Every structure is written in C-alpha cells, then in structure tokens.
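Good morning, and thank you for coming. Please take a moment to look at the sequence and the structure before I begin.

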Amino acid sequence: MLNYITHGTATDKSSLLIAHGLYGSARNWGVIAKRLSDERQVVAVDLRNHGHSGWTTSHSYPEMAEDLAEVIAAHGGKMDVIGHSMGGKTAMMLALNHPQAVGRLIVADIAPVTYSHSQIQFIDAMQAVNFDHVERRPDVESQLAEAGVEPALQSFFTQSLDIPNKRWRLNLDTLARHMPDIMSFPETDAQWEGACLFLSGAESDYVKQEDRARTLARFPKARFAKIPGAGHWLHAEKPRAFEANARAFLNA
C-alpha cells in the first residue's frame with residue numbers, strides 16, 4: 001500500500017484523502033492537511049514512485065487510481081478526495097473507475113485533458129545533480145540553480161531529497177519514461193455524478209475555458225472556481241485561500 005501521513009482522528013464528517021502532484025509528496029500538504037484535520041481525519045499519500053511509497057516500472061493513471069482505492073478501502077471504503085495536478089488526474093480516474101469510493105472531489109489546477117508541455121527538463125536537472133558534492137540541502141539547490149531551476153522549484157524539489165543516502169526519493173527513470181502518460185489523460189466514456197470542484201489558480205494556464213466541455217462530459221456536476229493571485233501551485237502560494245475554498249466545499 002502507498003505510504004501515507006494521517007492527520008487527526010475520524011469524526012462524523014467524511015475523512016479526506018489528499019493526492020499530491022508530480023515530484024511532490026504527502027509532506028508538501030502538511031500545513032493544509034493539519035488545518036483541515038480540525039474537523040475530519042485527513043490522509044495525505046505519497047503516490048507511487050514518490051516519497052516513501054514503493055517504486056514501480058509503470059506509472060499510469062488507472063494504476064495510480066487503484067493505489068488510492070486501496071487506501072480508501074482501508075479507511076472505511078469512502079472518502080472525500082483532493083488531488084493536485086498529477087494527483088488531480090489520479091483522483092479523477094479514481095472517481096470514474098470507483099464511483100462509490102469518492103464522496104466529494106476537489107481537483108486542483110488540472111483538467112482531464114492531454115497537455116503539450118512536458119516536465120522532463122526538471123528530471124534532467126535532478127538527474128544531473130552530483131551527490132559527491134552534496135552534504136546538505138543548499139548544495140543541491142545551488143546545483144539546480146546552475147541548471148536553470150527557479151528558486152521556488154528548487155525548494156520544492158529538494159523536499160524529496162534523501163541526504164543521508166545521497167539520492168532522490170523520486171523514481172526519476174520511471175517518471176521520465178512515462179512522462180507522456182503523465183501529461184495525458186486516459187480515454188474513457190465513464191461519468192462521475194458526484195459533487196466536484198475544479199479549483200484553479202487565476203494566473204495558471206492549466207485549466208482553460210475550452211476544456212470545460214470535456215470536463216463536464218466526464219463530471220456533469222462540476223463547479224469551477226479560481227483563486228486570485230495564484231498560479232499552478234495554488235495550495236502553496238495561497239494556502240489560506242485554498243483551505244477556505246476546500247473547507248466551504250467539503251462542508252456544503
């Protein structure tokens with residue numbers, strides 16, 4: 001089963017599962033998960049090939065959806081779900097393939113479409129890090145800076161460092177090989193009739209107006225909202241606004 005971090009204890013409200021995005025981990029969601037756990041139990045997972053979860057040679061959305069379904073089955077069989085970016089696509093796949101497992105769904109800054117931009121340049125930068133010259137996190141950040149990685153992403157990526165063992169807690173080889181799968185979304189005729197919120201950053205270009213028809217075809221009860229001043233990493237850039245939107249939707 002996936003590694004996960006549990007915040008709070010079960011209450012009369014539905015428990016919440018959080019799935020991070022590409023190159024992320026459960027730890028990235030610690031602040032929001034802890035704050036939302038004042039009302040409900042929150043379980044943040046490390047998706048496969050990330051964090052402390054197992055490494056595999058495959059990385060597809062149907063498989064990752066099954067990973068989430070297994071965690072939900074171990075927590076009573078039904079949970080509300082938040083998924084960001086790659087985690088959002090995984091959460092959508094989960095709802096489409098296991099409709100009874102999901103209560104309410106929040107999809108953060110992603111749509112069920114194929115994207116043309118790749119994230120492979122960041123794998124190249126991480127694979128180029130020379131761990132012979134690494135004793136602490138800033139040593140990696142400086143190497144990433146030399147590779148052209150902006151400071152905010154340096155900080156984000158290095159949360160997945162295993163300094164004592166001089167390695168990444170990311171299966172970069174598998175992620176690189178399956179980048180086309182990560183950028184795409186499986187073709188399916190399935191629909192999910194549950195309540196879902198597509199919450200995006202107002203300054204992000206990941207969720208476009210022209211994608212709404214495709215989104216509504218899969219999720220006919222979808223609602224759309226934007227967080228002003230936020231980009232793709234909306235939960236990190238505007239955590240209080242993200243929390244407020246999530247809490248209002250989950251409690252509606």
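How much space lies in the largest pocket? In this model, which is predicted, the volume of the largest pocket is about 390 Å³. Its lining consists of 15 residues, and those that lie nearest the centre are F156, W233, H235, A236 and E237. Three elements give two or more residues each to this lining, namely helix 1 (30-36), helix 6 (151-157) and helix 10 (234-237). Helix 6 supplies the largest share, with four residues. If we sort the lining of the largest pocket by class, we find nine nonpolar, four polar and two charged residues.

Let us turn to the second largest pocket. Its volume is about 330 Å³, and 20 residues line it. Nearest the centre of this second pocket lie S85, H117, Q119, Y206 and H232. Here the elements that contribute two or more residues are helix 3 (86-97), helix 4 (120-127) and helix 8 (179-183). The classes in the lining of the second largest pocket are 12 nonpolar, seven polar and one charged.

I come now to the cavities. How many cavities of 30 Å³ or more does a search of the whole structure find? The search finds two. The largest cavity holds about 50 Å³. Around it we see P112, F185, P186, E187, T188, R214 and R218. By class, that lining has three nonpolar residues, one polar residue and three charged residues.

The second largest cavity has a volume of about 40 Å³. Its lining is formed by H20, G21, G24, N28, W29, H84, F156, W233 and H235. You will recognise F156, W233 and H235, which are also among the residues nearest the centre of the largest pocket. Which classes make up the lining of the second largest cavity? There are three nonpolar and six polar residues, and no charged ones.

Next, the fold. The protein contains 11 helices and nine strands. Seven strands form an open sheet in the order 1-3-2-4-5-8-9, and their pairing is mixed. Strand 1 (4-7) and strand 9 (222-227) are the edge strands, since each of them pairs on one side only. From one strand to the next, the twist averages 20°.

For newcomers, I should add one general point: the strands of a sheet pair through backbone hydrogen bonds, in either a parallel or an antiparallel manner. In which sense do strand 2 (residues 16-19) and strand 3 (residues 42-45) pair, parallel or antiparallel? These two strands pair in the parallel sense, over four bridges. Within this pairing, I18 stands opposite A44 of strand 3.

Helices pack on this sheet as well. Helix 2 (residues 61-73) touches strand 1, strand 2, strand 3 and strand 4 (79-84), and its direction makes about 155° with that of strand 2. Helix 11 (residues 239-250) also packs on the sheet, where it touches strand 2, strand 4, strand 5 (102-108), strand 8 (196-201) and strand 9. The direction of helix 11 makes about 155° with that of strand 5.

Finally, the overall dimensions. Along the principal axes, the C-alpha trace spans about 50 × 40 × 35 Å. What radius of gyration would a compact globule with 252 residues have? The value would be near 18 Å, and the protein has 17 Å, which agrees.

To close, I would ask you to keep two items in mind: the open sheet of seven strands, and the largest pocket, with helix 6 giving the largest share of its lining. Thank you for your attention.

Key. Residues are numbered from 1 along each chain as its sequence is written. This is a predicted model: local features need pLDDT of at least 70, side-chain atom pairs count only at pLDDT 80 or more; totals for chains, interfaces and linings use all residues. Side-chain values use heavy atoms; hydrogens and water are left out. On a 1 Å grid over the protein atoms alone, a cavity is a set of points where a 1.4 Å probe fits but cannot get out, and a pocket is an open set with protein on both sides within 12 Å along at least five of seven lines; lining residues have an atom within 4 Å of a point. Grid points are joined across faces, edges and corners, and a volume is the space filled by probe spheres set on the points. Ala, Val, Leu, Ile, Met, Phe, Trp, Tyr, Cys and Pro count as nonpolar, Asp, Glu, Lys and Arg as charged, and the others, Gly among them, as polar. Two strands pair if DSSP finds at least two bridges between them. Axes are lines fitted to C-alpha atoms, for helices over the stretch in contact, and angles run from 0 to 180 degrees between N-to-C directions. Contact means heavy atoms within 4.5 Å. The radius of gyration is taken over C-alpha atoms; the globule rule is 2.2 Å times the number of residues to the power 0.38.
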